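Let's take a walk through a protein model together. Have the picture open and follow along as you read.

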Amino acid sequence: MADAVKPLSLVVLISGRGSNLQAILDAIQAGKLRTSVKAVISTRVDASGLVNAQRANIDTLALDPGDYPVREDYDRALRGLIDGFQPDLVALAGFMRILTPGFVQHYRGRLINIHPSLLPALRGLNTHQRALDRGLREHGASVHFVTEELDGGPVIIQVRVPVLAGDTAESLAARVLSQEHRLYVEALHLLAEKRVYWDGQQLMYNQQPLHQPLLMDPEQPN
Ligand code: GRF
């Protein structure tokens, strides 16, 4: 029973700007999200997201991949840092690194990511330019559980963003990003309320198997 009232604890992994992290912190601050961020860990010591986390009195750490020539060693060190905080969930928010299978397996069902596309479309980088190059009329963002397959894990929730005439990669990215902020908060809300979970086999929503990602209304306030 105690578990039902305990806020979901998070460690957030970033590499740069940290605007999704900031959206999460704002939602917590506004009392809209029953989660607590235990720590923010960055691949870069100069990530601006770290400054925002420090301002919110959250523990911050930087782990430089340059210090770890062997990828597995980096992930082992990262895992050691994360597990020191004993989070319920690890949230990737602009974390620009591919994680090793051992790391991903360790956090199976407890590791989520936000990706700027309507997965399974446009996995990988430069999604906004690729959406334009393909002449897509609809783009968006997804929050998904992380598996060994890049951007390939079960998708919890998505938001659709129309591609407008005259869009550039920058204008499209900006419109998607403002929806990402709402989407990540909504996904965390569902997880914090235990309405969504993934046991590594079947994604569940309200105690039922979820076969299609949930869709967030882009107009709906969080
Ligand atoms: C976002 O577009 C996110 O979807 C992608 O990296 C970007 C990070 O932005 N994975 P920010 O650091 O949260 O501002």
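## Around the ligand

A polar contact is a pair of N or O atoms within 3.5 Å. Keep that cut-off in mind for the ligand. A backbone N or O atom of Ile 114 lies 3.1 Å from a nitrogen atom of the ligand, so this pair falls within the 3.5 Å limit. One thing to know before we go on: what you are looking at is a predicted model.

Two more pairs of this kind involve oxygen atoms of the ligand. At Asn 20, a backbone N or O atom is 2.9 Å from a ligand oxygen. At Glu 180, a polar side-chain atom is 2.7 Å from an oxygen atom of the ligand. How much of the ligand's accessible area does the protein cover? On its own the ligand has 370 Å² of accessible area, and the protein covers 85% of that.

## The pocket and its shell

Which pocket does the ligand take up? The space it fills is the largest pocket. Look around the ligand and you'll find Arg 17, Gly 18, Ser 19, Asn 20, Gly 94, Ile 114, Pro 116 and Glu 180.

Sorted by class, that shell holds two nonpolar, four polar and two charged residues.

## Odd angles in the loops

Now for some backbone details. Most residues other than glycine have a negative phi, and most peptide bonds are trans. With that in mind, try the loop between strand E5 (111-115) and helix H6 (127-133), where Pro 120 lies. The peptide bond from Leu 119 to Pro 120 is cis, with omega near 10°. Leu 122 is in the loop between E5 and H6 too, and its phi is near 55°, a positive value in a residue other than glycine.

Another positive phi turns up at Gln 86, with a value near 45°. You'll find Gln 86 in the loop between helix H4 (71-84) and strand E4 (89-92).

Are these two residues buried or exposed? Gln 86 has 66% relative accessibility, so it counts as exposed. Leu 122 has a relative accessible area of 4%, so Leu 122 is buried.

## A buried serine with polar contacts

Next, find Ser 142 in strand E6 (residues 138-145). Its relative accessibility is 0%, which means that Ser 142 counts as buried.

What does the side chain of Ser 142 pair up with? A polar atom of that side chain lies 2.6 Å from the backbone oxygen of Ser 117. The side chains of Ser 142 and Gln 158 are also joined, by a polar contact of 3.0 Å.

## Two residues to find yourself

Try Gln 29 next, which belongs to helix H2 (residues 19-29). Why does Gln 29 count as exposed? Because its relative accessibility is 71%, and exposed means over 50%. Arg 55 is 26 residues away from Gln 29 along the chain, and their C-alpha atoms are separated by 12 Å.

Finish with Ile 156, in strand E7 (residues 155-162). At 0% relative accessibility, Ile 156 counts as buried, because buried means under 20%. How far apart are the C-alpha atoms of Ile 156 and Thr 168? They are separated by 28 Å, with the two residues twelve apart along the chain.

Terms used. Residues numbered from 1 in each chain as written. Predicted model: local features only at pLDDT ≥ 70, side-chain atom pairs only at ≥ 80, totals over all residues. Heavy atoms only, no water. Near = heavy atom within 4 Å. Polar contact = N/O pair within 3.5 Å; in protein donor to acceptor, adjacent residues only side chain to side chain. Areas by Shrake-Rupley, 256 points an atom, 1.4 Å probe, with all protein chains shown as cover. 1 Å grid on protein atoms, 1.4 Å probe; cavity = no way out; pocket = protein on both sides within 12 Å on 5 of 7 lines; lining within 4 Å. Sits in = over half its atoms within 2 Å of the grid points. Nonpolar A, V, L, I, M, F, W, Y, C, P; charged D, E, K, R; others polar. Helix = DSSP H or I, 4+ residues; strand = E, 2+ residues; numbered from the N terminus. Buried < 20%, exposed > 50% of the residue type's maximum accessible area, 1.4 Å probe, protein only.
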